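This briefing goes through selected local features of one structure, grouped by topic. Please read it alongside the sequence and coordinates.

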Amino acid sequence: MTSIGIVLAVIVPLTLAAALGAVALRPLAARLAPWAPLPALVSSLADQTPAFELDAALLGLRLGAPDPATRAFLAFTAVLWLLAGTFARAYVGAHACSFWFFFLVTMAGNVGAILAGSVATFYVFYAVMTFAAYGLVVHERSDAARRAARTYLVMALGGEILLLAAFLLVVRERIDLPFGDVPVSVARSPHRGVICAFLVVGFGVKAGLVLLHLWLPLAHPVAPSPASAVLSGTIIEVALLAWLRFLPLGVAPLPGLGLSLAAVGFVTAFYGAVVGVLQVDPKVVLAYSSVSQMGLAVVAAGAGLAAPAAAPAATAAIVFFASHHAMAKGSLFLGAAVARETGGGWPARLVTLGLLVAALAIAGAPFTSGALAKAALKDVLTAPSRGAGASAALLSVAAIGSTLLMVRFLSLAAPAADAEERGPRAGLWVPWLVLLASGSALAFHPGLRPDPRAALVGWGALWSGGWPLLAGVALAVAASAVLRRLGRAAPTVPPGDVLVFVEAAVFESRRGIVDARRRARRARRRLQAEAARRLRLGRRVARLSARLQRVDGRLADLEKVGVLLLGLFAALLFLLVD
Amino acid sequence: MTLETTLPLWVLLTSLIPGVLLFFLPERRHGVRTTINISAACAKLALTAVMVRGVYAGRRYETRIPFLADVDILLRADPFALLFVTLSAALWLATTAYAVGYLEGSPHRSRFFGFFSLCVASTMGIALAGNLLTFFVFYEMLTITTYPLVVHRGTIEALRAGDVYLRYTIGGGAVFLAGVVLIYSLLGPLDFVERGALPLAAREHRVALVVAFVLLVGGLAVKAALFPLHRWLPEAMVAPAPVSALLHAVAVVKAGAFGITRVVYDVYGVRLAHELGVMRPLAILAAFTIVYGSVQALTQRDLKRRLAYSTVSQISYIVLGVAIFGTLSTIGGIVHLVHQGLMKVTLFFCAGNLAEELGIHEVSALRGVGRRMPLTMGAFTVGALGMIGVPPVAGWITKWYLGLGAFTAGEPWVVAVLGASALLNAAYFLPLVYDAWFAAPASVWRAPSGRAEVNLWLLVPTLTTAALSLAVGVFAGFDFSPLGWAKLIARREFAE
């Protein structure tokens, strides 16, 4: 196996995107677009692929999949893009060409960011992914889509700048610094604190850390469902991979930073759950669920940062968690779209069952990939540190939150069984089903598990996965009973929660600026009028400039000037020849 | 008379001679004029390529012509000169082709192309100048030959803009001359030398050197449009689009930035300049101009005016890179000379296409135009993303090196300025890009007259420069890329 697959993984989507530009090639390119992730999928399966290096491109292009973590990310990314692509073929109606263009470019950026072997290469592909994803968010071109896209872009740009600063501080003079040397470079840097803070905030925008999450609940509902699937399943998870690459995990103990990161993770997990439960749009609920789940992954990163001994376990846990989340969340987003198309009767029941399977995985129910992911996270948290008991308890509380979110989602998204019987199109349900199956394979294929010894069945696993689930369902039932008794609807929070305040503040200050400018203009005009009255000078200047303009008018006959100049150049030439 | 001693002169003459010929060409001989123009531009490009290969192999090209008693007119092709020569030669070809299409059917074309060629000849002289006097001669020649281009349309507005332009640039030239005289009277005639031409003994004249520096850079700052000497540039955008393109990308503003770089590196020497303590104020001024230009651009409703203020901001990237000590920032500054040229020429071409084809001048009129002119707006998008610094378009290389240079030199505030500038650039470019692609058109556009969305003479240069902007970012690691060349220059300037 040569590195050709790695190169094709990036080149193929870009080539197809370029081919969309030519009218003649457009139908062909659009037909091939869903299959563009195939090279990435194939190269993720090969065990040892040599890296691809090309010094002439970028600041030294480095692509490769040297470690299992990279290959795992590549694998689930390729699978999700592939199935989202096939799903999109049936799903996307209007602006299909524009959709495929941004779809392909975002995919290239995503795959390239995973394969990147140096900081500069990563920066390029990450930016390509970020900016191209804008096109996916804005796709519907509605007011809501525009607002979501604007919010996304502003936050992404801010994050981008912090990341650039962090990258530059990491790289210093070694412009093509390979990723292998990055953690050490960060650990040894005199600006370690600043770098880590910038990295956390910069990638936090993508991952949706609390208060940096504002774009997620706006973008997911407006983007086409297959786009939401990859957005939530792979794009935001690139941030996790990036943290694994950049943060000095396992190199230097950073207890302060690690614990604060873990704390931020927990806050994010709970915040996402609480605000998400109060939503009325199923896709917004899923977005908040993603925020919440990313919080849990960040907790593991924090733990690994705090204690180098825990770092390998943390890495493995995060990688498995990301794979599981990509499959399950992707299934839920595609499933939500399938459910919307489904009428009633047995199709409705089957679709609900499919949604339930994916939802159980997110909730971490026994016998699902979610249970394994949660067990891996728990391993990381309970191993070394003193606060182990507390964090394990918090993890269980978070699992209750996840369950609540899933209950809420199912109640909003499941098709009504009593409606007229109508099945979804095969173009939609087949890819969805394949994705569900891949997610389950993650749980049942021992080679894919984070720890092959981890028990999928057994009383311990059943209990630790089961009780938060039962507690969550009980809580949901109780809450709805209480609400019914009180005769009230559940309280709601607008999607994007605190964004509403930010927007109000921006609006106010913008009005303030406009007012101030208007006042300044009025004052200036008044002053000018005053000055003109007081000083006769103005009139004199005007007269002078009028005269100058007359002179100018004469000079406007530029042929004369041209001939004049020619003389000048003739003189110059004469000098030169001399 | 070997190739080594005549080639710089020939590069100059390939645009000077056509310029002279074109004045005598009857107005209606369009075919001949276009042939002369394009073949001259191609010839220049070929000669430049020869010199680039030669200089890369370590050869020297130098034309020395006795001028005054002890001062020569010296044309010399060192790597830095060649960077500018190559940029000018390539973009001259692009802008000439563009101008052929743009001015189709309009009067005074002989005059226009004559001055256009002379303007490029002056730029070549500036690039190849081997000492301050030669530089000054061509610098002034540039001022004069550009004026007819600015006022080409002959409207009151254009004449007024020409007035402003002359007032600024002639003033700047005079100040620059004062600086040259001061240096010559102190130290005698000096040729540009890498790592600085001033002899060690010059350090005694500390105060005089600082004064001379202020005069030289102050004079050059007019053309480089540093705050507060930038006002002429937004006025001058009344010129026809190809002129604006040339003005903003190659000729005038670049001459200023190029001159500042020459003065810092090859007259004073970067170490001496920093010892004198003049670089920090220059860096702060440049940083301020970067932000100021962007803020001003944000408020402009006219597309070309917005682009003009964007130039004010972007040119200061070059000055900023020059003013921060270190190899990396120097590379960033020098490479932006080329990057900004390619991206800005693309943007002005696009503005010209929009104005020619659909009569669009205001930024608010771009809604839905992407559907009518997808290729033009594609090029515009590339240029705009490059200005923001979105990889892989050229601009990110600049940002990367400037930022690295700033951190290495212990000036982290520069990175904050770069970040703020990127955000501001996004704020004034991205809404246009959004409108063009995603907004519904306000009216029905006029159908294209030919098969392409706009005259091919206009479209091909636009797409070429856009593709180049992308290519120099994607293939930055290539030895002959602008980045590779800038590294070569910086290595020589900082060699011990």
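The points below cover surface patches, a helix, salt bridges and backbone geometry.

The model is predicted. Its chains together hold 22 salt bridges. A positively charged surface patch draws on residues of both chain A and chain B, and two peptide bonds described here, Phe227(B) to Pro228(B) and Pro391(B) to Pro392(B), are cis.

**Surface patches**

- A patch of positive charge on the surface is made up of Arg517(A), Arg519(A), Arg521(A), Arg522(A), Arg524(A), Arg525(A), Arg526(A) and Arg301(B).
- Within this patch, Arg521(A) belongs to helix H21 of chain A, which covers residues 499–534.
- Arg521(A) has a relative accessible area of 40% and is therefore classed as partly exposed, since that class lies between the 20% and 50% limits.
- A nonpolar surface patch consists of Leu25(A), Leu28(A), Leu32(A), Trp35(A) and Leu38(A), which together have about 440 Å² of accessible area.
- Leu28(A), one of these residues, sits in helix H2 (residues 26–32) of chain A.
- The relative accessible area of Leu28(A) is 51%, so this residue counts as exposed, the cut-off being over 50%.

**Helix H15 of chain A**

- Helix H15 (residues 311–341) of chain A has 31 residues, and at 1.5 Å a residue the expected span is 45 Å.
- The C-alpha atoms at the two ends of H15(A) are 45 Å apart, which agrees with that expectation.
- H15(A) is largely enclosed by the rest of the structure, because 26 of its 31 residues are buried.

**Salt bridges in chain B**

- Glu62(B) and Arg76(B) form a salt bridge through their side chains, with an N to O distance of 3.5 Å.
- This pair links distant parts of the chain: Glu62(B) is in strand S1 (residues 62–66) and Arg76(B) in strand S2 (residues 72–76) of chain B, 14 residues apart.
- The two partners fall into separate accessibility classes: Glu62(B) is partly exposed at 22%, whereas Arg76(B) is buried at 13%.
- Arg64(B) and Asp72(B) also form a salt bridge, in which the closest N and O atoms are 3.0 Å apart.
- Arg64(B) is partly exposed, at a relative accessible area of 41%.
- Another salt bridge joins Glu357(B) to Arg446(B), with 3.6 Å between the closest N and O atoms.
- Glu357(B) is in helix H14 (residues 327–358) of chain B and Arg446(B) is in the loop between helix H18 (413–438) and helix H19 (456–474), so this salt bridge ties together parts 89 residues apart in sequence.
- Glu357(B) is buried at 8% relative accessibility, while Arg446(B) is partly exposed at 46%.
- Arg60(B), Glu62(B), Arg64(B), Asp72(B), Arg76(B) and Asp191(B) are joined into one network by salt bridges that share partners.

**Backbone geometry**

- Most peptide bonds are trans, and most residues other than glycine have a negative phi.
- The Phe227(B) to Pro228(B) bond is cis, with omega near 0°, and Pro228(B) lies in the loop between helix H7 (206–224) and helix H8 (232–235) of chain B.
- The Pro391(B) to Pro392(B) bond is cis, with omega near 5°; Pro392(B) lies in the loop between helix H16 (374–388) and helix H17 (395–408) of chain B.
- Arg141(A), not a glycine, has a positive phi of about 60°.
- Arg141(A) lies in the loop between helix H6 (119–137) and helix H7 (143–171) of chain A, and is buried at 17% relative accessibility.
- Phe367(A), not a glycine, has a positive phi of about 65°.
- Phe367(A) is in the loop between helix H16 (345–363) and helix H17 (369–382) of chain A, and is partly exposed at 40%.

How values were computed
Residues numbered from 1 in each chain as written. Chains lettered and ligands numbered in written order. Predicted model: local features only at pLDDT ≥ 70, side-chain atom pairs only at ≥ 80, totals over all residues. Heavy atoms only, no water. Patch = residues over 30% accessible without salt bridge, like charges linked within 9 Å, V, L, I, M, F, W, Y side chains within 5 Å. Areas by Shrake-Rupley, 256 points an atom, 1.4 Å probe, with all protein chains shown as cover. Salt bridge = Lys/Arg side-chain N within 4 Å of Asp/Glu carboxyl O. Lys, Arg positive; Asp, Glu negative; His and termini not counted. Charge placed at Lys NZ, Arg CZ, Asp CG, Glu CD. Helix = DSSP H or I, 4+ residues; strand = E, 2+ residues; numbered from the N terminus. Buried < 20%, exposed > 50% of the residue type's maximum accessible area, 1.4 Å probe, protein only. Expected span 1.5 Å × (residues − 1).
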